[in-house]
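Work through the following exercises with the sequence and the structure side by side. Each task sentence is followed by a solution that goes step by step.

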Amino acid sequence: MTSRSNDLAAAIPGEATHNGDDSLFAKKPISSLMEEARETGEHSLKRTLGPFQLTALGVGAVIGAGIFVLSGLGAHYAGPGLMLSFVLSGLGCAFAALCYAEFAAMIPLAGSAYTYAYATLGEIFAWIIGWDLTLEYAMGASTVSSGWSNHFIELLNIFHIKMPLWLAYDHWTALRTAENLVARQMAQAFDPNLVPGTQAFLDRVMTITGAQSPELLQRAHALMAAPRIFGAEIGFNLPAFIIALVITFILVIGIKESASFNATIVVIKVSVVLFVIGLGSRYINTANWGHDWHSFAPYGFSGIGAGAAYIFFAYIGFDAVSTTAQEAKNPQRDLPIGIIVSLLVCTALYIMVAGVLTGMVHWQDINIEAPVARAFLDRGLPIASHIITVGALAGLTSVMLVMLLGQTRVLYSMANDGLLPKKFFAAVHPKFRTPYKNTMAVGLLAAIVGSITPIDDIGRMVNIGTLLAFVIVCIAVMVLRNTNPDQPRPFRTPWVPFVPVMGILFNGYMMYKLGWVNWARLIIWLVIGMVVYFSYSQYHSRVRNPERK
């Protein structure tokens, strides 16, 4: 160990930082982390969040449009067994959540999985997970902003207000939307007996769009009516751009205000979910659930597993609670409550909605595009369908807020460690006590990406990035139990190593199911991150270079 390392180790009795200045596996001492957690003053984050706000942040991150949309496709894999699919997906998240809860209570800092990896696995793994979390949060917020725009346009349609396609979507999505609208018209003209939303109807639409006939393309471009710049059609998703900037403004003015706004939105969307459960339960036909195992799970455990792999993505976001650790009043007690309770609440609501949906409509007849809304429309309840649209819009608003919040707090932690420029990413507003510069940068990035980019592929990258974070946190719990068994743990993950091993297996399996294309994208993203690390971060790391301030 070099003299500089010895000096740092001597300053923290009984706890060395790493094997040498040049070690990629330099660890950040727990004692140093705890000192940071106790910092106060105008350059630190403001502790204002209690257990209710933290739980609301978790619910706000998880319940989005997924509960109203993904359930449709999941039902076509699992049948009425969709209820068990939600249980299976929830278990995968629960194993990871128990590991997150131990770290969040033990190391109450803003960096979430990044900080946990720094304390247990070393700097290179911390950088990888911090870079990886950008996929989950910043790109996730871009994805959600586009989804928010889609539901906002649906809301405008209720009031018979139409936006030009080129101003409602990015260019590629606008063109696909125009082609889809024309293909729907052509499908109904071909066979008036086809019912919109059914699998047969969608198959016909897919066949028409896949053929890319000259008539289809000509009518689609005419429907877009997009202006041209230098001869090229343009498209700009204005609603996505505006909502990202509005959420960014709310985050800049204060964490308490952001949490209050989120709690209000959460109350609205949970009320809508409970409305769906309460009203829908009156229209349940128990015969739709089947009378034996085969009719309950028409494709057996394989179908339930396939449904779980798909709907898992409706759970993404509960881990964002841990990024607010430095803004919790009593993080050792309240963070585990926020993480675990929010996941339990969301799982229970998901299972009940799945039960109502598969009870109202036979699983083979469930609409794939808007399953819950269509179930109520088919019962002659259009007002209920409109309420569901409002609920989905509210859900996506809070998801976006929590994702942007999580991203800014991870960047704040990385900058404090020297891995990113501190004067920008860790600058705290003297009045609002928020990392305002990095919040504005992340919000603007999310607004731009969400408004001009087709985000289907980015959404899949979000999933694999999230699952990787889950796996690393599960590994880190087992590592720290061995390397630092005496460290006080206000909350202990039960049944170690069983729980973290199951978390690794569940979430690793779902990473595998995402396919090689998404693995390739993840590897490319991490290679870019390595270039940034070796060209900047390793030279400015405060752990590897303790003299840096």
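Contact means that heavy atoms lie within 4.5 Å. The model is a predicted one, in which local features need a pLDDT of at least 70 and side-chain atom pairs count only at pLDDT 80 or more, while totals for chains, interfaces and linings use all residues. Residues are numbered from 1 along each chain as its sequence is written, and side-chain values use heavy atoms, with hydrogens and water left out.

**Exercise 1. Confidence**

Find where in the protein chain confidence is lowest and where it is highest.

Solution. Begin with pLDDT, the predictor's confidence in each residue, from 0 to 100; the protein chain averages 83, and 91% of the residues score at least 70. Then turn to the helices (DSSP runs of H or I, at least four residues, numbered from the N terminus, as are strands, E, of at least two). Confidence is lowest in helix H1 (residues 3-11), with a mean of 37, and highest in helix H13 (residues 238-253), at 93. Over residues 1-21 the pLDDT is below 50, although this stretch has 33 contacts in the model beyond near neighbours in sequence. Where pLDDT is low, the predicted coordinates should not be read in detail.

**Exercise 2. Two buried residues**

Determine which residues Ala 178 and Thr 389 touch, not counting residues up to four places away in sequence.

Solution. Ala 178 lies in helix H10 (residues 171-190), and it touches Leu 165, Ala 220, Leu 223 and Met 224 when residues up to four places away in sequence are not counted. Its relative accessible area is 0%, so Ala 178 is buried (buried means under 20% relative accessible area, exposed over 50%, and partly exposed in between, with a 1.4 Å probe and protein chains only). Thr 389 is placed in helix H19 and, with the relative accessible area at 8%, is likewise buried; under that sequence limit, Thr 389 touches His 151, Glu 154 and Leu 155.

**Exercise 3. The core and the cavity**

Identify the residues that line the largest cavity, and state how they divide into nonpolar, polar and charged.

Solution. Start from the nonpolar core (a set of buried Ala, Val, Leu, Ile, Met, Phe, Trp, Tyr and Cys residues joined through side-chain atoms within 4.5 Å). The largest such core has 146 residues, and Phe 376 is among those that touch the most other members; helix H19 (residues 382-416) gives the most to this core, with 17 residues. Leaving aside neighbours within four places in sequence, the contacts of Phe 376 include Val 276, Met 360 and Ile 388.

Next, take the cavity (on a 1 Å grid over the protein atoms alone, a set of points where a 1.4 Å probe fits but cannot get out, lining residues having an atom within 4 Å of a point). The volume is the space filled by probe spheres set on the points, which are joined across faces, edges and corners. The structure holds one cavity of 30 Å³ or more, and the largest has a volume of about 40 Å³. Its lining consists of Val 276, Val 353, Val 356, Leu 357, Met 360, Val 372, Ala 375 and Phe 376, with the largest share, four residues, coming from H17. The lining residues divide into eight nonpolar, no polar and no charged (Ala, Val, Leu, Ile, Met, Phe, Trp, Tyr, Cys and Pro count as nonpolar, Asp, Glu, Lys and Arg as charged, and the others, Gly among them, as polar).

**Exercise 4. Backbone in a loop**

Decide whether Phe 230 is buried or exposed.

Solution. Phe 230 sits in the loop between strand E1 (228-229) and strand E2 (232-233), and its phi is near 55°, a positive value in a residue other than glycine. The relative accessible area is 86%, so Phe 230 is exposed.

How values were computed. On a 1 Å grid over the protein atoms alone, a cavity is a set of points where a 1.4 Å probe fits but cannot get out, and a pocket is an open set with protein on both sides within 12 Å along at least five of seven lines; lining residues have an atom within 4 Å of a point.
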